[in-house]
Amino acid sequence: MRYYRASGIAFLIPIIVLIAIFYSMIVWDFVAAFTFWQGLKPTWKFAGLYNFSRLFGMERFWINIRNNILWLLFFIGPTVFVGFILAYLLTHLRRGESIFWQIFLFPMALSFIITGVLWAWMYDPSSGLINSILKMLGVNTSRLGWIALPKTAIYCMIVAAFWQYLGFALVIYLGAIKGIPYEMVEAARVDGASHWTVAFRIIFPNVGHATLICTTMLAITTVKVFDLVWIMTRGGPGVSTEILPYLMYRLTFDSRDIGMGTATSIVILALSAAMVIPYSMWAIKKWVRI
């Protein structure tokens, strides 16, 4: 079969146009962040860093930053660790492996909206499943408000996201572990290595590419949990569970402060790039053999 350069370029034109549209939207967002645009009518008067100074002066903004950091710490680490442990254990099963990984993978088929509704009902202090079970066991649940309490609400939401994405980490690690030469693991066991040593000294360093995929994808997910926040708490109680994408939505569509909303989106873009790009470059050099 013969290939022609013109045909290849013709097939690439739709995706090039699509990518150009996406990048032009980023440019539009960047320009709007430096204007006095408030309300529905565009105002392209240059405002310098005015929107950013107002944003950084908001206590609410720093609460959002803290919440995003909590998501990174308590969502990515446990999901990656437990996903790896479960994948390691499943490789030792002689039967039923496919049943278990399908059970863990099933929540991935759900949207964050369904997950949010499900877990919000489970966390309901008065009639939720968790407190109902605890009452049956004789536990006093009067102080267990779950998502109704500012101190526990965000951790309850992280548990819901952990439940949904555990199967993703499990499947990624399962595929990576099966790609390791069996002789390497067997030689370590012959030398008397324990399961812990085999798992974390032999297998884990050799599935670095899986860790790179999991951590990067989960980090991106923490920026996209807007719908989970919207469904479960709407940022409350108060602003205790708000994250930056939610703040951007409220500033843009509720307050009609387009300048502040776009400034928030620029901050999100900068934080995402600062977080993902250096880590990916470091992880590729360390773990991925090209």
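Two residues are in contact when heavy atoms of theirs lie within 4.5 Å. Keep that in mind for the exercises below, which use a predicted model.

**Exercise 1. Get to know the chain**

Task: Find how many helices and strands the chain has, and what share of its contacts joins residues at least 24 apart.

Solution:
- Step 1. Start with the secondary structure: there are 13 helices and 0 strands.
- Step 2. Now turn to contacts between residues at least 6 apart in sequence; of these, 69% join residues at least 24 apart.
- Step 3. For the dimensions, the C-alpha atoms fill a box of roughly 75 × 70 × 35 Å along the principal axes.
- Step 4. Finally, the chain has 290 residues, and 39% of them are buried.

**Exercise 2. Sort residues by accessibility**

Task: Decide for Thr35, Tyr123 and Lys178 whether each is buried, partly exposed or exposed.

Solution:
- Step 1. Recall the cut-offs: buried means under 20% relative accessible area, and exposed means over 50%.
- Step 2. Thr35, in the loop between α1 and α2, is buried because its relative accessibility is 2%. Beyond its neighbours within four places in sequence, Thr35 touches Thr43, Trp44, Lys45, Ala47, Asn51 and Gly259.
- Step 3. Tyr123 belongs to helix α5 and has 4% relative accessibility, so Tyr123 is buried too. With neighbours within four places left aside, the contacts of Tyr123 include Ile130, Trp146, Cys156 and Met232.
- Step 4. Lys178 sits in helix α7, and its 52% relative accessibility makes Lys178 exposed.

**Exercise 3. Look at the cysteines**

Task: How many disulfides does the structure hold, and are Cys156 and Cys214 buried or exposed?

Solution:
- Step 1. The count of disulfides is 0.
- Step 2. Cys156 has 6% relative accessibility, so Cys156 counts as buried.
- Step 3. For Cys214 the relative accessible area is 0%, so Cys214 is buried.

**Exercise 4. Explore the two pockets**

Task: Which helix gives the largest share of the lining of the largest pocket, and which helix does so for the second largest pocket?

Solution:
- Step 1. The largest pocket holds about 280 Å³ of space. It is lined by 14 residues, and those closest to its centre are Asp29, Met248, Thr262, Ser265 and Ile268.
- Step 2. Helices α1, α12 and α13 each give two or more residues to this lining. The largest share, 6 residues, belongs to α13.
- Step 3. Sorted by class, the lining of the largest pocket has 9 nonpolar, 4 polar and 1 charged residues.
- Step 4. Move on to the second largest pocket, with a volume of about 210 Å³. Among the residues that line it are Tyr88, His92, Lys178, Tyr182 and Arg189.
- Step 5. Both α7 and α8 supply at least two residues to the lining of the second largest pocket, and α8 has the largest share, with 3 residues.
- Step 6. The classes in the second lining are 7 nonpolar, 2 polar and 2 charged.

**Exercise 5. Describe a helix pair**

Task: Describe how the axes of α3 and α12 are placed, and which residues make the contact.

Solution:
- Step 1. Two packed helices are described by the angle between their axes and the distance between the axes.
- Step 2. The axes of α3 and α12 come within 8 Å and cross at roughly 145°.
- Step 3. From α3 the contact takes Arg60, Phe61, Asn64, Ile65 and Asn68, while α12 brings Leu244, Leu247 and Arg250.
- Step 4. These residues divide into 4 nonpolar, 2 polar and 2 charged.

**Exercise 6. Spot the unusual backbone**

Task: Which residues are joined by a cis peptide bond, and what is phi for Trp146 and Arg256?

Solution:
- Step 1. Know the background: most residues other than glycine have a negative phi, and most peptide bonds are trans.
- Step 2. Gly236 and Pro237 are joined by a cis peptide bond with omega of about -5°. Pro237 is placed in the loop between α11 and α12.
- Step 3. Trp146, not a glycine, has a positive phi of about 50°. Trp146 lies in the loop between α6 and α7 and, at 21% relative accessibility, is partly exposed.
- Step 4. Arg256 also has a positive phi, near 55°. Its place is the loop between α12 and α13, and its relative accessible area of 36% makes Arg256 partly exposed.

Terms used: Residues numbered from 1 in each chain as written. Predicted model: local features only at pLDDT ≥ 70, side-chain atom pairs only at ≥ 80, totals over all residues. Heavy atoms only, no water. 1 Å grid on protein atoms, 1.4 Å probe; cavity = no way out; pocket = protein on both sides within 12 Å on 5 of 7 lines; lining within 4 Å. Points joined across faces, edges and corners; volume = space filled by probe spheres on them. Helix = DSSP H or I, 4+ residues; strand = E, 2+ residues; numbered from the N terminus. Nonpolar A, V, L, I, M, F, W, Y, C, P; charged D, E, K, R; others polar. Disulfide = S-S within 2.5 Å. Buried < 20%, exposed > 50% of the residue type's maximum accessible area, 1.4 Å probe, protein only. Axes fitted to C-alpha atoms, helices over the stretch in contact; angles between N-to-C directions.
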